[in-house]
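This report walks through selected features of one protein chain, moving from paired strands to sheets, cavities, a helix and a few loop residues.

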Amino acid sequence: MLAHLVRDSAAPAALLWGPDLLALHNAAFLPLLPGGAPAQGSHCAALWPDGGGIAALVQAALAGQPLPPQTLAFPQAGGPAFFSLSAMPARDEAGLIGGVLLTGFETTCVVQAERRSAFLLDLDAALRDLDSPEAVVRTAAAQLGRHLGAARCAFGEVDAATATFQILADWTDGSMPGATGSHPLQDCGADQMAALRAGASIGLGEASGSLAVPLLRQDRLVALLQLHHAAPREWTTAEEALVREAAGRIWSALQRRQAEARLRLSEQRLRRVQQIGRVGGFEIDLRTGQNQRSAEYMDLQGLHPRSAEELHKDWVARLHPEDRLRAERRYLDAVSDHSGATDYAQEYRILTPGSGVRWIAARAEIERGPAGQALRMLGAHVDVTELKRAEAALAESMQQAREVLESLGDMLYALDSAARIRFASRRALEMWGLRAEEVLGQPFLGLLPAVRGSLTWQVISTVLASQVETHFCARSPLAGRWFEVNVHPAEGGGVTVAARDLEGRRHAEIQRRRAETALRRSEQRLRLAQDAGGVGTWEWNVVSGQVHWSASCHRLFGTDLAKGADLDRWRAAIHPADRPRVDAVLRQVLASTGMPLSIEFRFHRAGATAVRWMSARGELVRDPSTGRALQMRGVALDVTERRETEERQTLLMRELDHRAKNALAVVQAAVRMTPKDDPEAFATAVLGRVAALARAHTLLAEGRWDGVALHDLVAGEMAPFLTPEGDSRVAASGPPVMIAPTAAQALAMALHELATNATKHGALSVAEGRIELSWSLDTRSESGREDGPRQLALRWLERGGPPVTARPHRLGFGSRVLEATIAGQLGGRIVLHWRRGGLDCEMRVPLSRALLPDLDQRFRLRG
């Protein structure tokens, strides 16, 4: 009866019977046999000798413990075929197991679909956070090449203008050379190019080892994805479909990155324009209150465009009522003698005589006297009204762009461990037809009962229990469409579900066009902001020699708008040292075929004593038929502030390098001076001294390396030697003194040695011991003359410690450290008195070594 069942079954079936398990199978079982050849009457051990796969199923069934159905792969000519196979015990008339019945069904399509979906999900995840187009192409090529076992994988865009195939990046397994660069399309041959432009792949079903899959957009060939194998290989239809899908995803990722890069560049240009524009100048004598305003300043305020002298109250009266209190307070705080500020910048609104409102960006420098008193403010006002409007329009454009990007994203929602909804994206809410307040905190199945029993809910339940990430494809019971779904375990036992609408990808091109439209609008607003931000524009007719400057360009170079622009006058005002370089660059641009103008130079503005740094950028327009130079146009910017900032940063970096080297030298000296006889004692001593330096370094860093208060230095160095509950056994007193960085490190080492000695042998070794630490500014010089504060005097006095019966016979290592730091490093002197109540240590340090000019003073001296 079983034999008839096997022969009549339409599905693969086989019966292994008798002590030798002889095979009886139907025709559908042939793909599961070695070589696909009939094996009627063959021994089971001869057919599957490896002990795994079918053999394992047979052994379990013979033992009366059949295994669950297993999905097994079987080699075929066009690639492996997959079957779900079951093995059941076959019993004889006595009820004993006399053989095994094998039944199964093919699952090749399901397995390939699952693997394809998993690969595409992994590919999307790998590309999601990459910024550069090169990284996108390289990563995608590596993922696809390894997945398909290729030797090389390359993706390139088709440049129709040059008829070339541009490979930005590729991947190889090392057996084949790379292929990055430009490749002529004509090398493919006319027939193959015609097939590619028609959307047909080259190499499919052939044993050539190469596969080229075209990507078309709007019936136009835009990219190629190529795979190569060192040996002949026949690519399957399923592999070609996967490559085609991957090409589309790579292309979409590149388009998004390129659009985002253009948008970032546009934003950077806008920010630069905001920072460099200048219009009306002003100068304020902060001692007399005299305010000098330039003609451009008065014109910006809506007043008669001529130089004028005003009072502070005139400026306050023009401030917008809503900004008046804030703007005046910011100004007064900046010019206060106690603020120490040297830079002033703020934005506010003013009211012009015609009741118009303008936005002003004010920038200035504050000059101060030796005592820090504010002497003079010199600055400029910029009308940024149009820029503010452009910013608002750009923000609106960015919001629209964000909405477009969100509409292209996945449907996301998160569940906690009890399957309650913690988060739902806008797309998820739209699909469910619910509002956020209706779903948050609610049971998932309670809100969406139609999901119960679906594959999606089965996978979510499994991941909630196993916390193992799962990828799959399923039809939504709510929308009736197919989705790619990722279920990720979340902290706390919940899950996050990301679902991508497969049918929604056809809308990606429409969304991309919307993003490009938003980008064009953003660029238009950028041009508007350039006109409003004080950037000078210019045009030079190379043929006639005529030059035209915008009004802002005249203001930038300090020339008269009524007299017009003159190239010779402009060239004569260039700094003599920069003039030959400017001439050489202009000649190079005129002689080249595509070189843009980009140069920075110093310029003497008319009526000004200071030299300004200017930046000129432009492009040359040529006659398309003859190549003759016709016109050059571009922009001019004042980059003085940026150049000064770069110079100051260079000085700061040199100073930081100097201080770092000093700190390393001090640590090296501390290690070198520590005795090395006892390794454990050596480690403890070195750690203590390095910790003392670290505490001093922390205090200096908190004070921006301008020095450290001696009282703070003492408190920091004594803290490790006192109890956590607080200890009043150390009394410190003295006037406020700021110690220079080098002196602070040396004093920290000295205090650490004194405290260590007191803890081991002195006042801090007993409960009743006390230490008095005091300091003063001694007016006596090292020669003893009364000629001003010349020395810092410190005294360390121990009381109540173990009685001192005699002076030590020899100086210990701590005494040598004190001598090396106070005398050797700071040029001071130290006197040790061994009194009965404890050590009495007097230290004197020249103020010329203890106090040094700070970084800002040195920078000003250098300037």
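In this predicted model, strand S25 (residues 611–622) and strand S26 (residues 629–638) run antiparallel and are joined by 9 bridges. Within this pairing, Ser 615 has Leu 637 in S26 as its bridge partner. Both strands belong to an open sheet of 5 strands, ordered S23-S22-S26-S25-S24, in which the pairing is antiparallel. Strand S23 (547–549) and strand S24 (597–604) each have a single partner strand, so they stand at the edges and one side of each is left without a neighbour in the sheet. On average, and with direction ignored, neighbouring strands of this sheet are turned by 25° against each other. Helix H19 (residues 579–591) lies across strand S22 (536–541), S24, S25 and S26, and runs at about 155° to S24.

A second open sheet is also made of 5 strands with antiparallel pairing, here in the order S18-S17-S21-S20-S19. Its edges are strand S18 (421–424) and strand S19 (470–475); each has a single partner strand, so one side of each lacks a neighbour in the sheet. The average turn between neighbouring strands of this sheet, direction ignored, is 20°. The edge strand S19 runs antiparallel to strand S20 (residues 482–489), and 6 bridges join the two; Arg 475 stands opposite Trp 482 in S20.

Two helices lie across strands of this second sheet. Helix H4 (residues 108–128) lies across S19, S20 and strand S21 (495–501) and runs at about 65° to S20, whereas helix H15 (residues 455–466) lies across strand S17 (411–415), S19, S20 and S21, with a direction of about 160° to S19. The table sets out the helix angles for both sheets.

| Helix | Strands it lies across | Angle to a named strand |
|---|---|---|
| H19 (residues 579–591) | S22, S24, S25, S26 | about 155° to S24 |
| H4 (residues 108–128) | S19, S20, S21 | about 65° to S20 |
| H15 (residues 455–466) | S17, S19, S20, S21 | about 160° to S19 |

Where is empty space enclosed in the structure, and which residues line the largest cavity? The structure holds 5 cavities of 30 Å³ or more, and the largest cavity contains about 210 Å³ of space. Its lining consists of 18 residues, among which Trp 538, Leu 567, Trp 570, Leu 597 and Ala 616 lie nearest the centre of the cavity. The elements that give two or more residues to this lining are S22, S23, helix H17 (551–557), helix H18 (567–572), H19, S24 and S26.

Attention now turns to the earlier part of the chain. Helix H3 (residues 54–62) has as its buried residues Ile 54, Ala 55, Leu 57, Val 58, Ala 60 and Ala 61. An α-helix has 3.6 residues a turn, so residues three or four places apart point the same way. The cover over the buried residues of H3 includes strand S1 (13–17), helix H2 (44–47), S3, S4 and strand S5 (97–106). After H3 comes Gly 64, which has a positive phi near 80°.

Pro 80 sits in the loop between strand S3 (70–74) and strand S4 (81–91). Because its relative accessibility is 45%, Pro 80 counts as partly exposed. When residues up to four places away in sequence are not counted, Pro 80 touches Ala 73, Phe 74, Pro 75 and Thr 108. Thr 108 is 28 residues from Pro 80 along the chain, and the C-alpha atoms of the two are separated by 8.1 Å.

Another loop, between strand S9 (210–217) and strand S10 (220–228), contains Gln 218, and Asp 219 is found there as well. Gln 218 has a positive phi of about 55° although it is not a glycine, and Asp 219, also a residue other than glycine, has a positive phi near 60°. Gln 218 counts as exposed because its relative accessibility is 54%, and Asp 219 counts as exposed because its value is 76%.

For the chain as a whole, the protein has 26 helices and 33 strands, and buried residues make up 40% of its 863 residues. Of the contacts between residues at least 6 apart in sequence, 52% join residues at least 24 apart. The chain exposes about 45,500 Å², of which carbon and sulfur atoms supply 54%.

Technical notes. Residues are numbered from 1 along each chain as its sequence is written. This is a predicted model: local features need pLDDT of at least 70, side-chain atom pairs count only at pLDDT 80 or more; totals for chains, interfaces and linings use all residues. Side-chain values use heavy atoms; hydrogens and water are left out. Helices (H or I, at least four residues) and strands (E, at least two) are DSSP runs, numbered from the N terminus. Buried means under 20% relative accessible area, exposed over 50%, partly exposed in between (1.4 Å probe, protein chains only). Contact means heavy atoms within 4.5 Å. Two strands pair if DSSP finds at least two bridges between them. Axes are lines fitted to C-alpha atoms, for helices over the stretch in contact, and angles run from 0 to 180 degrees between N-to-C directions. Accessible areas come from the Shrake-Rupley method with a 1.4 Å probe; for residues, only the protein chains shown count as cover. On a 1 Å grid over the protein atoms alone, a cavity is a set of points where a 1.4 Å probe fits but cannot get out, and a pocket is an open set with protein on both sides within 12 Å along at least five of seven lines; lining residues have an atom within 4 Å of a point. Grid points are joined across faces, edges and corners, and a volume is the space filled by probe spheres set on the points.
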